[in-house]
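This report offers a first orientation for a reader who has not met the structure before. It proceeds from single cysteines to the sheet, the core and selected residues.

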Amino acid sequence: MPMSDPYQAPDFTVLVTVLFTGLAALLGLAGYLASRLTRQNLGSRTPPTVWREMSLTAVTGSLALYLWGCLHLVFLERQEIGNECAKKAEGVRVAAFHGDFVPLRLVCRTDADRSYTVVVPGYLNPSLAVLLLLALACAITAAVLHRRQRTAKTEERPTL
């Protein structure tokens, strides 16, 4: 049985695909949010609409941040990754490295059984988690407010 390569950089094809599809989604979301800033839309906003747009803004920010992290990885060669791992390991031999997309990271493992994350900024994954939780909270608030608004309208309608 052949051993797998312990030095696995993130797959370039997957990384480029993620970047291009993510960029298309980012441009679509940004375009939608920009279209909501017209005078006609600003005057007719309901609380559920505001919360929904806040949720989409947080999603857009998290997508932009994720793509920023991917850009840190896209042009790295195996040798450059090895050099970054060696710097972080401070003289201990690097036994392996691998990349993950969720959470976005490049992990180096040393012979001393220690792991280090390199290249991807340390603030990236915690910031993504906060933005996505914010998006979820805003989406839930929008759904609850929308349901209350619909319920109030049906109660106001006279029955025949």
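## Cysteines and the disulfide

Cys70 has a relative accessible area of 0% and is therefore buried. The model discussed here is a predicted one. Cys138 is likewise classed as buried, its relative accessible area being 2%.

Which cysteines are joined by a disulfide? The bond links Cys85 to Cys108, with an S to S distance of 1.6 Å. The count of disulfides in the model comes to 1. Cys85 belongs to helix 4 and Cys108 to strand 3, so the pair ties together parts of the chain that are 23 residues apart in sequence. The torsion about the S-S bond of Cys85 and Cys108 is about -60°, and the disulfide is therefore left-handed. Cys85 counts as buried because its relative accessibility is 0%. Cys108 also has a relative accessibility of 0% and so counts as buried. Cys70, in contrast, takes part in no disulfide; the nearest cysteine sulfur to it belongs to Cys108 and lies 17 Å away. In general terms, a disulfide is a covalent bond between the sulfur atoms of two cysteines.

## The sheet

How are the strands arranged? The model contains an open sheet of 4 strands in the order 1-2-3-4, with mixed pairing. Its edges are formed by strand 1 (7-8) and strand 4 (115-117), each of which pairs on one side only. Strands of a sheet pair through backbone hydrogen bonds, either parallel or antiparallel.

Strand 1 and strand 2 run parallel and are joined by 2 bridges. Within this part of the sheet, Tyr7 has Phe97 of strand 2 as its bridge partner. Strand 2 and strand 3 run antiparallel, and 7 bridges join them. Among the bridge partners here, Val94 is matched with Thr110 of strand 3, and Phe101 is matched with Leu104 of strand 3. A hairpin of 2 residues connects strand 2 to strand 3.

## The largest nonpolar core

The largest nonpolar core comprises 24 residues, and those with the most contacts inside it are Cys70, Leu73, Cys85, Leu104, Cys108 and Leu124. At least two residues of this core come from each of helix 1 (12-35), helix 3, helix 4, strand 2 (94-101), strand 3 (104-110) and helix 5 (124-156). Which element supplies the largest share of this core? Helix 3 does, with 7 residues. As a general tendency in soluble globular proteins, nonpolar side chains are buried together.

Leu104 illustrates the surroundings of one of these residues. Not counting residues up to four places away in sequence, Leu104 touches Tyr66, Gly69, Cys70, Leu73, Val120, Leu124 and Asn125. Three of the residues with the most contacts inside the core, Cys70, Leu73 and Leu124, are thus partners of Leu104.

## Two serines of helix 3

Ser55 is a residue of helix 3. Is Ser55 buried or exposed? Its relative accessibility is 8%, and Ser55 therefore counts as buried. With neighbours within four places in sequence left aside, Ser55 is in contact with Ala135, Cys138 and Ala139. One of these partners, Cys138, is itself buried.

Ser62 also lies in helix 3. With a relative accessible area of 4%, Ser62 is buried. Leaving aside neighbours within four places in sequence, the contacts of Ser62 are with Leu128, Leu131 and Leu132.

## Leu76 in the loop

Where is Leu76 found? Leu76 occupies the loop between helix 3 (47-74) and helix 4 (78-89). Its relative accessibility is 23%, so Leu76 counts as partly exposed; the limit for a buried residue is under 20%.

When neighbours within four places in sequence are set aside, Leu76 contacts Ile81, Leu106 and Val119. Leu76 and Val119 are 43 residues apart along the chain, and their C-alpha atoms are separated by 9.3 Å.

Notes
Residues numbered from 1 in each chain as written. Predicted model: local features only at pLDDT ≥ 70, side-chain atom pairs only at ≥ 80, totals over all residues. Heavy atoms only, no water. Buried < 20%, exposed > 50% of the residue type's maximum accessible area, 1.4 Å probe, protein only. Contact = heavy atoms within 4.5 Å. Core = buried A, V, L, I, M, F, W, Y, C linked by side-chain atoms within 4.5 Å. Pairing = 2+ DSSP bridges. Disulfide = S-S within 2.5 Å.
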